[in-house]
Amino acid sequence: MSVKLIAEKAGVSTATVSRILNGAGNVKSETREHVLNIARELGYDEFVMKKSRLLSDNNVITLMLHDVHKPFYTQLLYHFQDYIRGTDYRLMIASTLDGRTDTGEFIREMFRFSSGIILFSSFMSDKSITGLLRQNQYPMVVIDNQFNDAPVSTLMVDNRAASEQVVQY
């Protein structure tokens, strides 16, 4: 069984077949299903095909944090896990290690394993993130940060008002 044979039968390039079989997310869902059906007809290994559907079928949400060892994030993680327990999703936690990780590359890698990402950090402003968000290929919610030139769902925390409330209390 070869990628070339699948590509010929499906009427797509070998690069497209390779991306699909390796689980890359940059392929239209109709094309993905068509190629997987051809591969199945040709007797391609079902385990490999399951890997290629990871992106759409796994119900994993990645919660990406700036730094997980701070007490605030510990409480946050508890509540995210508690909430998600009542859904059909599972939570995967990732950290950018206090900015020591290429966040844009990390996000691309996480989408190989996740159906969506919740990006929580006011410290992340990497241009590669803005580029990813502008492409709008991935389901993503950004918390406590704004990427003004990218169309993305955002939840802002009013830190100033919260600080005033704490002082008044």
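Two strands count as paired if DSSP finds at least two bridges between them. That rule is handy right away, since strands S4 and S5 (residues 153-155) run parallel and are joined by three bridges. The structure here is a predicted model, and the rest of its sheet can be worked through in a similar way.

First, the overall picture. The protein chain contains nine helices and five strands. Going along the sequence, the pattern reads α-α-α-α-α-β-α-β-α-β-α-β-β-α. The chain has 169 residues, and 37% of them are buried. Its accessible surface adds up to about 10,400 Å², with carbon and sulfur atoms supplying 52% of that. What about contacts that link distant parts of the sequence? If we take contacts between residues at least 6 apart in sequence, 51% of them join residues at least 24 apart.

Now for the sheet. How are the five strands ordered? They make an open sheet in the order S2-S1-S3-S4-S5, with parallel pairing. At the edges sit S2 (90-95) and S5, each of which pairs on one side only. From one strand to the next, the twist averages 20 degrees.

It helps to walk across the sheet from the S2 edge. S2 and S1 run parallel and are joined by six bridges, and here Leu 63 stands opposite Ile 93 of S2. On to the next pair: S1 and S3 are parallel too, with five bridges between them. In this pair, Met 64 has Leu 119 of S3 as its bridge partner. S3 (residues 116-120) then pairs with S4 (residues 140-143) in the parallel sense, over four bridges. Two of the matches in this pair can be named: Ile 118 stands opposite Val 141 of S4, and Leu 119 has Val 142 of S4 as its bridge partner. Val 142 also carries the trail onward, as its bridge partner in S5 is Thr 154. So which residues can be followed from S1 over to S5? Met 64 leads to Leu 119, Leu 119 leads to Val 142, and Val 142 leads to Thr 154.

S3 deserves a second look. How many of its residues are buried? The strand is mostly covered, with five of its five residues buried. In a regular strand, side chains alternate between the two faces of the sheet. In S3, Gly 116, Ile 118 and Phe 120 point one way, while Ile 117 and Leu 119 point the other way, and all of them are buried.

Two other strand residues add some detail. Thr 62 belongs to S1 (residues 60-65). Is Thr 62 buried or exposed? Its relative accessibility is 0%, so Thr 62 counts as buried, the cut-off being under 20%. Leaving aside residues up to four places away in sequence, Thr 62 touches Met 92, Ala 94, Met 110, Ser 114, Gly 116, Ile 117 and Ile 118. Met 140, for its part, is found in S4. With a relative accessible area of 10%, Met 140 is buried as well. Along the chain, Met 140 and Leu 119 are 21 residues apart, and their C-alpha atoms are separated by 7.2 Å.

Finally, the helices. Helix H2 (residues 14-21) packs against helix H3 (residues 29-41) at an angle of about 90 degrees, and their axes are 10 Å apart. Angles of 65 to 115 degrees count as roughly perpendicular, and H2 and H3 are therefore roughly perpendicular to each other. Which residues make the contact? From H2 come Thr 16, Val 17, Ile 20 and Leu 21, and from H3 come Thr 31, Arg 32, Val 35 and Leu 36. Sorted by class, the contact has five nonpolar, two polar and one charged residues.

Thr 31 gives a closer view of this contact. This residue is found in H3, and its relative accessible area of 24% makes it partly exposed. Not counting residues up to four places away in sequence, Thr 31 touches Val 12, Thr 16 and Ile 20. Thr 31 and Ile 20 are eleven residues apart in sequence, and the C-alpha to C-alpha distance between them is 8.9 Å.

Terms used. Residues numbered from 1 in each chain as written. Predicted model: local features only at pLDDT ≥ 70, side-chain atom pairs only at ≥ 80, totals over all residues. Heavy atoms only, no water. Axes fitted to C-alpha atoms, helices over the stretch in contact; angles between N-to-C directions. Parallel < 35°, antiparallel > 145°, perpendicular 65-115°, else oblique. Contact = heavy atoms within 4.5 Å. Nonpolar A, V, L, I, M, F, W, Y, C, P; charged D, E, K, R; others polar. Buried < 20%, exposed > 50% of the residue type's maximum accessible area, 1.4 Å probe, protein only. Areas by Shrake-Rupley, 256 points an atom, 1.4 Å probe, with all protein chains shown as cover.
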